[in-house]
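Here is a brisk report on a chain-to-chain contact, a helix and a loop residue. Keep the structure in view while reading.

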Amino acid sequence: MASETGKKTVKKKSPRKSAATSSVNGHALDGLKAEPLSVTFNTYPPSNKTHRQLGLTKADVLDMYRSMLLQRRFEERAAQMYGKQKIGGFLHLYIGQEAISTGTAQAIRIGEDSVITAYRDHGHALAMGMTSNECMAELFGKIDGCSRGKGGSMHYFSKELKMMGGHGIVGAHIPVGTGIAFANKYKGEDTVCLAFFGDGAIHQGAFHEAANLAGLYDLPVIFVVENNQYAMGTAVDRAAAEPDLYKQALSYDMPSSLVSGMDVFSVYEAMQHHVAMAREGKPSLIEIRTYRYRGHSMSDPQKYRTKEELDAKKDEDPILRLKAYLLEHKMATNAQLDKVDDEVKQEVMESVEFAENSPAPGLETIYEDIYSDKDYPFTT
Amino acid sequence: MAELQLREAIRAAMVEEMERDESIFLMGEEVSEYNGAYKVSEGMLKQFGAKRVIDTPIAENGFAGLGIGAAMNGLRPIIEFMTWNFSMVAMDQLINNAAKVRYMSGGQFKFPIVFRGPNGAAGQLAATHNTSFESIFSTIPGLKVISISNPDDAKGLLKSAIRDDDPVLFMESEVMYGMKGEVSDAKDYLIPIGKARIAREGKDVTIIAHNKSYWVAMKAAEMLVQEGFDPEVIDPRTIRPLDMETILASVKKTNRCVIVDESNPFASIASEIGFQIQREAFDYLDAPVLRVNAKDVPAPYAKNLIEYYMPSAEDTYKACRQVMYAN
Ligand SMILES: Cc1ncc(C[n+]2csc(CCOP(=O)(O)OP(=O)(O)O)c2C)c(N)n1
């Protein structure tokens, strides 16, 4: 529904402003005057700006293209390996949402700013610079995986890159992201934390408690809802009393944006603005409208949506969109873009080999990484 | 008798009870239009309508609390947790409200509510998705905890749970949902809460195990039988209240006991049963009580590690041989 994101970047007052009237159920509330609400909403529709207007070089744009393509090819291969039972557990694919991770990574200081997300984490990890090798090896449950085979698909971490994890309990990582931002502020850094979550997660109390704390303490955190329209089999309007999720910001006096997740430039622009706000100590919320092409996880038969709906969304594909842009602006030839594809495919192929060849973790490692003591007395 | 999958037996219990009593409703994530994340509630929306089979947002604390309030006010909710792993979000509602308000109000309110869903490990799902929680909830007075191992028990015990006037936590297992077994179709088939089942009679060693671990125990028992031993296997079925009478009678007969329990070992159900046995049957014991638990670590993802983590038939077999001094 990216087309709903409006025309130009408009600043509009909260549409809920009139809700704060001085009567409830027809009873006048004497002496209570509603203040006009000051929260602003921005929209970042697709095809809003050119790369030049955004200050992006040709190299930047090509990097973005490569990043999105790497995520796509990585996950296509992962799905195949799952089919071959090389990968166990859950596998939640990010295919269709790559513009979000890539637009974000381009807009932050990697290694200084933090990202935390849920279990659909491959895209963010790769966009931030985690390697295909460590990511694939983790899916294979091998010792060279980014979490030493202990986490699997849902738990990618890189302390060095400040990828603060994929997390498995819906909503539970949102307060953690807020705490990461608290520490940034406490230490006097101007770094920020981006907490990503799904349209299903916004209904958890954890989000609302975290948002209130962030507003209360002026924390440099950005709450980013990746609204891919579904939480498992539940369409967003079947779970949300207010399906315009960006309006949740009203309750916490936060600026908020509605962004097209099909256009990497829109994501990039919005992120830049929100990151700048966060660096000034202003928490905010972004709703990015996107779509996941695959089932919720590999075991989901997707009976809750039609093929027509899915096909229509695939027409808005963020990678195809950027490819068309590159060609149209004569920034690359078809042959050059095909070469990029060949390169990332090769990289992913090699990561499968790497993962195959990496050893399974030794049984003794089951007792490692639990406490910092080396001689902790475990119970038997 | 009919052969049913575990999920069908659970559904049959809910359907029969909902047909009988209008005040029962089912609520949870994906239970309605999606027909249940593990298809336990398949077809129930069609039969009972959206008023009684209700999808929720992902908000465990909210809908668990809603259920408790509804129970306080005259309804009999069945609240499904997609898995018990996610009930942690609702822990406060379960422990501080469901378990305690009856007591704190001097008995003015009852809580006829069932919380149900799959519990324990289901494979390579890593630490947050693979924990066995029955021992944690069992420490809380005011809650009843049932952990079933087969379709027939599932039906009989769930029907009893739904009719019970106290909060009952009903623990299933997603890896057992497809398991088939004979299920009674007797009208009002109720298995009493708090009665253990002697699954195999024997005289050499008592093995106690519930839920998935029951099948681990049965496998170990088979291995022992091959070697000429005669183990007794007891499925406690309900963890709280716990049928110590049956367990003690068995231990007094066999004089040896091994407990298989997917909880982490520290302060586990096995610890509690072991303690009670030494207090009540110390003079009958010919060997220390042993337990076979999940390892004392969070569940790992890697295939070889999660297999190592889980209580195994092999370990159970070894523990039995050890208490029989057959090693
Ligand atoms: C507390 C909790 N409840 C339920 C689940 C099971 N679950 C996993 S993902 C999911 C849907 C989440 O949807 P959303 O937040 O929109 O993210 P998306 O999958 O769309 O990226 C559910 C219900 C869980 N992991 N944690």
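Buried area is the accessible area, taken with a 1.4 Å probe, that two parts lose on being put together, summed over both. The model is predicted.

**The interface**

By that definition, chain B and chain A bury about 3,000 Å² between them. Carbon and sulfur atoms carry 65% of it. On the chain B side, the most area is lost to chain A by Tyr34(B), Ile58(B) and Tyr301(B). Together they account for 23% of what that side buries. The contact draws 40 residues from chain A and 33 residues from chain B.

Polar links were counted as well. Two salt bridges join chain B and chain A. In one salt bridge, Arg238(A) pairs with Asp55(B), with the closest N and O atoms 3.0 Å apart. There are also 13 residue pairs in polar contact between the chains, both residues at pLDDT 80 or more. Helix α11 of chain B, residues 303–309, supplies the largest share of the chain B side, four residues.

The residues of chain B that touch chain A divide by class as follows.

| Class, chain B side | Residues |
|---|---|
| Nonpolar | 21 residues |
| Polar | five residues |
| Charged | seven residues |

**Helix α7 of chain A**

Helix α7(A) covers residues 264–279, 16 residues in total. From first C-alpha to last, α7(A) reaches 22 Å, close to the 22 Å expected at 1.5 Å a residue. At the N-terminal end, Asp263(A) acts as a cap. A side-chain oxygen of Asp263(A) lies 3.0 Å from the backbone nitrogen of Phe265(A). Just after the helix, Gly281(A) takes a positive phi of about 85°.

Which residues of α7(A) are buried? The run from Val264(A) through Phe265(A), Ser266(A), Val267(A), Tyr268(A), Glu269(A), Ala270(A) and Met271(A) is buried. His274(A), Val275(A) and Ala278(A) complete the list. An α-helix has 3.6 residues a turn, so residues three or four places apart point the same way.

**Met176 of chain B**

Where does Met176(B) lie? Met176(B) sits in the loop between β7 (168–172) and β8 (180–183) of chain B. Is Met176(B) buried or exposed? Its relative accessible area is 3%, under the 20% cut-off, so Met176(B) is buried. Leaving aside neighbours within four places in sequence, Met176(B) is in contact with Leu6(B), Ile148(B), Ser149(B), Asn211(B), Lys212(B) and Trp215(B). Ala50(B) lies 126 residues from Met176(B) along the chain, and their C-alpha atoms are separated by 28 Å.

Methods:
Residues are numbered from 1 along each chain as its sequence is written. Chains are lettered from A and ligands numbered from 1 in the order in which they are written. This is a predicted model: local features need pLDDT of at least 70, side-chain atom pairs count only at pLDDT 80 or more; totals for chains, interfaces and linings use all residues. Side-chain values use heavy atoms; hydrogens and water are left out. Contact means heavy atoms within 4.5 Å. A salt bridge is a side-chain nitrogen of Lys or Arg within 4 Å of a carboxyl oxygen of Asp or Glu. A polar contact is a pair of N or O atoms within 3.5 Å; within protein, one must be able to donate a hydrogen and the other to accept it, and residues adjacent in sequence count only if both atoms are side-chain atoms. Helices (H or I, at least four residues) and strands (E, at least two) are DSSP runs, numbered from the N terminus. Ala, Val, Leu, Ile, Met, Phe, Trp, Tyr, Cys and Pro count as nonpolar, Asp, Glu, Lys and Arg as charged, and the others, Gly among them, as polar. The expected span of a helix is 1.5 Å times one less than its number of residues. Buried means under 20% relative accessible area, exposed over 50%, partly exposed in between (1.4 Å probe, protein chains only).
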